[in-house]
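Welcome, and take a moment to look over the model before reading on. We will walk through it step by step, beginning with a word that helps along the way.

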Amino acid sequence: MQRAVRAFSVHGNTLKNAILHRIRVVNPVMRPVMFSRSLTSASMEEHGFESTTISDVLKAKGKGADGSWLWCTTDDSVYDAVKSMTQHNVGALVVVKPGEQKSIAGIITERDYLRKIIVHGRSSKSTKVGDIMTEENKLITVTPETKVLQAMQLMTENRIRHIPVINEKEMVGMVSIGDVVRAVVSEHRAELDRLNAYIQGGY
């Protein structure tokens, strides 16, 4: 997955520019039309995947994803938290303080379970989530206005697969590396469709 992220980050513009080069070189008669319609690489970037935000990703995930997420409390056992992850087929849970669902206390992931419970031979049933979670002050977060490519860079550089979405100190959702990659793939496809439509005279 990390390789896919880096590939999109590094080669996305290369692919787009290659197609633009084809328009300019292979079909030189189209050049005046292209300039008259102001279809430049810069204008495409303005409306392409570079402008997609985390808010767009949450909306694409569905109404249940915006303002609703899987969570546990600091007092829950690690066993119950991991059981919840397994049941819902997710790799991380938001951790909140008891009775404060909107106030994030941290995050617990499969990696925390492996490194802090399994490796050290601790009991998941007697260990509380609050004892092994990544605490709030160490969390890497994004806002709904964060660009998808910025979120992708944060996740890649810090080797994390889940990132909380915070708006004015309140939790509004969670996105995974899979959500981000799907958003980039979708925008790449849409942009290639627009370029293809231009080549075919659809603009």
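A residue is called buried when its relative accessible area is under 20%, and exposed when that value is over 50%. Keep in mind that the model you see is predicted. Thr109 makes a good first stop: its relative accessible area is 17%, so Thr109 is buried. You will find Thr109 in strand β3, which covers residues 100-109. Leaving aside residues up to four places away in sequence, Thr109 touches Met85, Gly91 and Ala92.

From here, let us turn to the nonpolar interior. The largest nonpolar core has 18 residues, and those with the most contacts inside it are Ile54, Val142, Val148, Val165 and Val175. Five elements, α4 (54-61), α8, β5, β6 (170-176) and α9 (177-199), each supply at least two residues of this core. Which of them gives the largest share? That is α9, with six residues. Val175 shows what the surroundings look like for one core member: among the residues that Val175 touches beyond four places in sequence are Ile54, Val57, Leu58, Met155, Ile163 and Val165. There is also a second, separate core of 13 residues, and this one includes Cys72, Val82, Leu93 and Ala105.

Helix α8 deserves a closer look. Spanning residues 148-157, α8 has Val148, Ala151, Met152, Met155 and Thr156 as its buried residues. Why do these line one face of the helix? Viewed down the axis of α8, the buried residues fall within an arc of 130°, and therefore they line one face.

Next come two places where the backbone takes a less usual turn. Most residues other than glycine have a negative phi. Arg159, which follows α8, has a positive phi of about 55° although it is not a glycine. Arg159 lies in the loop between α8 and β5 (162-167), and its relative accessible area of 55% means that Arg159 is exposed. Asn89 also has a positive phi of about 55° without being a glycine. The loop that holds Asn89 runs between α5 (78-88) and β2 (92-97). Is Asn89 buried or exposed? With 71% relative accessibility, Asn89 counts as exposed.

Last, a look at the aromatic rings. How many aromatic pairs does a search of the whole structure find? The search finds zero. Tyr79 does have a charged partner, though: Lys125 lies over the face of the Tyr79 ring, at 4.8 Å from the ring centre.

Definitions and conventions
Residues numbered from 1 in each chain as written. Predicted model: local features only at pLDDT ≥ 70, side-chain atom pairs only at ≥ 80, totals over all residues. Heavy atoms only, no water. Buried < 20%, exposed > 50% of the residue type's maximum accessible area, 1.4 Å probe, protein only. Helix = DSSP H or I, 4+ residues; strand = E, 2+ residues; numbered from the N terminus. Arc of directions from axis to C-beta. Phe/Tyr/Trp six-rings, centres within 6.5 Å; stacked < 30°, edge-to-face > 60°. Lys NZ or Arg CZ within 6 Å of the ring centre and 35° of its normal. Contact = heavy atoms within 4.5 Å. Core = buried A, V, L, I, M, F, W, Y, C linked by side-chain atoms within 4.5 Å.
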